Amino acid sequence: MTRECAVLLPGVCAALADPRQPGLDDTCLEKLLDWFRSLTWFDPTVELVQDNPCLTELLSSVLALADPSPGILSFTLQLAGILASSESRFQHLQQEKLLGRLFGPEGPRGGAAWEEASVRSAWLKGVHSMLHHLPALHCLCSTGGMDVIFTLQGDPSLFVASAASQLLVHMLTFSLESETPKALSTKDCAWPGCAQMIVKHIKESLQSSSASHIEQSLKLLSSLFGSCFGSCYAAWTEVLWLDIAKQIESFLLEETVQAQPLLANLLLNVARSPAFCGTEGSFWALVTSALEHLTPVQAGPLAVGLLKLCKCPQDVRIQALTVLLQPMDCILRAASQPLECAGLLDESVSDPATVESLLSSKTSCAGLLCQTLTHLEKLLSLKHLRVDLPCVSLLHSLLTILQFCNGFLSPTSPLGSTISRNLINCFRVQKSALDVLAALSEKKECDTLIGNLFDVLLAYLQSPNTSPTVLKKTFQATSKWLVHLQELSSSNSQWPQTEKILGDVLVVLQKRLCSPCWEVRDSSLEFLTSMVKCLRDQKEFRQCLLSSEVLRLTENLLEDPESYVRASAVTAVGHLAPIACFAPESPVTGNQYNKESIVAKLQEILSTDSEGFPRRAVISIFTKWLREGCTGQLEDTEHFVSRVIQTVEHDLDWEVRLGGLELVEVFCSQTICQLSQCPYAPVSSAVPSSTPQNELLQVFCRAKLFGFLFGSLCDCDKPVGQRACDVLVGLRGHFYPMSTLENPQEIEDSPAGRGIAWLQRTLRQGSLAQNFPVDGDVGVDFQDPESMMLALGAIDLLELHDELNKSSDHVEESPQSLLQDILAAVGTIEDNEVDCY
């Protein structure tokens with residue numbers, strides 16, 4: 001603790017204990033506790049409380065209050081726990097008889113303040129902080145603290161109940177770590193004292209007739225096995241599991257027990273423990289039983305979790321996959337009568353009638369399918385799935401679900417008719433099915449159904465009943481399958497089929513670009529951009545695209561009344577331009593889609609659009625074009641960049657200004673590469689008379705880069721200043737590669753040097769006037785190569801870089817400032833501004 005803080009702390013403690021003072025903001029108190037945590041973490045000695053007696057006086061004063069506010073009492077409990085986190089400070093506070101009065105039976109837990117959830121929560125947090133040494137653990141166990149924690153497991157406040165559960169996990173782990181004899185084998189010795197109390201409580205609760213007690217213990221067990229206990233104490237994990245396995249098995253068989261939904265999470269956390277790496281044993285038999293007896297909704301999370309485990313036995317893994325595929329199998333079998341294709345499964349894990357019943361119910365059908373589809377999407381995203389998915393049958397089932405949802409399939413079986421009625425226009429299921437459909441595009445074995453697949457996708461794209469959110473998902477799936485179709489076409493010479501599908505998609509896209517719904521227009525533009533990104537190198541795709549009306553319609557949407565659509569149109573046009581008017585092929589006939597027209601329109605949006613989204617999109621596209629070399633020769637590019645930065649430097653949107661700096665950075669990098677003799681080698685000297693150096697500086701000055709960069713250093717939005725400084729530091733590294741920087745004192749005699757010295761002083765003050773002002777008769781010419789060479793060499797850009805990268809709260813959030821704020825807030829000191837953070 002600094003001397004300044006030690007001087008302020010007594011006043012803060014006195015103010016906190018004074019009931020006449022107004023309550024402090026909770027944020028200030030939390031920050032104060034954070035400070036004490038950091039102090040005690042780095043210094044476990046007793047000196048902190050001995051050298052600052054005001055801390056123990058604060059604890060005593062709050063305890064002496066007849067009716068302390070919940071906020072101050074909560075703060076005091078947490079502070080006491082933090083201070084008692086080391087054994088030496090714990091013993092000191094025990095001698096002062098403070099800890100028993102705070103955490104023991106005579107403390108708040110027996111009074112009216114205990115009715116406040118914040119006080120109960122603070123009590124638990126204080127105990128948790130304190131329990132880092134055995135004296136604290138033994139003290140808590142001997143004063144009835146364990147019973148309090150067990151009771152708080154079932155607290156009506158979820159925050160309190162969760163904190164109690166976390167504390168018990170910590171206590172059990174700490175007890176094993178600290179109280180287990182090191183010389184004995186874990187399996188040969190009984191649970192140590194505190195751990196034994198917790199395990200006994202768990203076992204008694206599991207055998208209780210109270211559903212809430214059973215639920216609390218199952219949640220605690222899940223937390224326990226899911227924490228470091230399960231991974232670091234494999235032998236103890238096995239001992240604990242053997243103690244409770246029979247009871248868990250009985251819950252699985254008793255279908256009326258309310259605890260069943262918690263069993264899947266518990267079993268999955270146990271399965272992750274190293275204690276059950278082997279493929280044999282009663283545990284995996286119990287997991288198999290759970291997959292059979294839990295409902296499909298309860299078993300789903302367990303099944304997908306098991307499939308992600310590398311050590312799960314193969315027979316259990318296959319059974320878990322079967323659980324996930326059962327609803328999909330039921331859909332496939334219900335779709336036609338007699339069955340036209342094989343189902344997904346040869347046999348079921350549980351009774352198929354259960355799944356059929358859930359899918360037949362209006363209330364449960366969509367929920368079961370959405371959960372199943374979400375799990376399947378997760379599995380498809382895994383790089384290494386240790387079980388084979390029947391992808392073709394799964395795809396067939398997905399297409400069936402999508403046809404049920406839009407009413408394009410009329411099954412003849414009674415079950416199919418019922419499911420179809422339940423799913424009609426069900427947006428949730430449609431979106432989930434389309435997500436899985438998109439994920440399946442990576443699977444090569446699905447090629448046989450590609451014609452049927454695009455029939456379904458086109459039906460969704462064409463249907464007026466497709467909601468905007470479902471349409472967006474359809475576009476995303478279509479984009480992925482078009483890429484797959486293009487790869488298939490290239491390898492199998494199936495261009496006629498591909499050409500027809502592409503043509504159909506573009507016809508639908510043209511219609512959707514004219515939709516009255518702005519979300520549809522926006523999704524259509526995003527789809528178009530995605531297609532161009534993926535297929536731009538395919539000659540056949542470019543031909544189809546350029547012969548359609550898509551380009552004209554997209555350009556029209558640059559004037560859309562909705563700003564999101566304008567932004568998406570800018571992005572789409574930006575991706576279309578390189579293949580429509582920047583490419584060697586002749587421009588599209590019959591419209592004005594040419595380079596000059598497009599650039600002019602985007603520059604107009606950048607300078608005049610009232611919304612930020614379109615302007616951000618324009619600057620992003622201009623930077624993309626520059627990177628890809630779409631802006632022409634160096635002279636053209638120089639003029640282009642100059643015009644853009646003169647527009648963006650006055651933009652009110654900081655992200656647009658930041659985009660302008662990214663454009664400048666790309667331009668500088670490319671220009672240096674073009675004009676330097678070797679693009680990647682540093683120049684040999686910092687002599688400004690060398691031809692490449694002069695030419696570079698002249699290009700940058702003509703483009704008016706330096707005015708923009710130096711002006712951005714003092715931007716009111718910090719990221720802009722940071723990026724500008726990064727660019728200038730990079731330029732200085734090129735022009736002064738050997739750290740042969742100019743001496744400001746030597747150059748200050750020249751007119752240019754005096755201007756640079758003024759600029760250095762101004763930048764240190766952190767402000768530049770709008771038009772780069774003149775200090776008396778001394779000005780800075782940002783378009784003079786010599787001046788800018790001097791500026792790069794003389795101004796301490798690294799010092800400025802460090803200042804800009806300092807956290808804005810490096811002073812304001814210091815402990816000293818915090819203590820001053822608290823004193824100012826309670827009126828103890830004057831003439832001190834309170835920091836607002």
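Here are a few notes on this predicted model, covering confidence, one helix pair and the cavities.

1. Confidence first. The protein averages a pLDDT of 83, with 86% of its residues at 70 or more. Residues 586–592 fall below 50, and that stretch has 8 contacts beyond near neighbours in sequence. Residues 678–689 also stay under 50, with 16 contacts beyond four places in sequence. Where pLDDT is low, the predicted coordinates should not be read in detail.

2. Now the helix pair. α6 (residues 87–95) packs on α9 (residues 134–142) at about 45 degrees, the axes being 9 Å apart. An angle like that is neither under 35 nor in the 65 to 115 range, so α6 counts as oblique to α9. On the α6 side the contact uses Glu87, Phe90, Gln91 and Gln94, and α9 brings Pro135, Ala136 and Cys139. By type, that contact has 4 nonpolar residues, 2 polar and 1 charged.

3. On to the cavities: the structure has 5 of 30 Å³ or more. The largest holds about 100 Å³. Helices α6, α7 (99–103) and α9 each give its lining at least two residues. Among the lining residues are Phe90, Gln94, Ala136 and Cys139, along with Leu99, Phe103 and Met130. The split is 7 nonpolar and 4 polar, with no charged residue.

4. The second largest cavity takes up about 70 Å³. Its lining includes Asn406, Asn425, Gln430, Ser463 and Thr466, as well as Phe427 and Tyr460. Here the count is 2 nonpolar and 7 polar, again with no charged residue.

Terms used. Residues numbered from 1 in each chain as written. Predicted model: local features only at pLDDT ≥ 70, side-chain atom pairs only at ≥ 80, totals over all residues. Heavy atoms only, no water. pLDDT = per-residue confidence, 0-100. Contact = heavy atoms within 4.5 Å. Axes fitted to C-alpha atoms, helices over the stretch in contact; angles between N-to-C directions. Helix = DSSP H or I, 4+ residues; strand = E, 2+ residues; numbered from the N terminus. Parallel < 35°, antiparallel > 145°, perpendicular 65-115°, else oblique. Nonpolar A, V, L, I, M, F, W, Y, C, P; charged D, E, K, R; others polar. 1 Å grid on protein atoms, 1.4 Å probe; cavity = no way out; pocket = protein on both sides within 12 Å on 5 of 7 lines; lining within 4 Å. Points joined across faces, edges and corners; volume = space filled by probe spheres on them.
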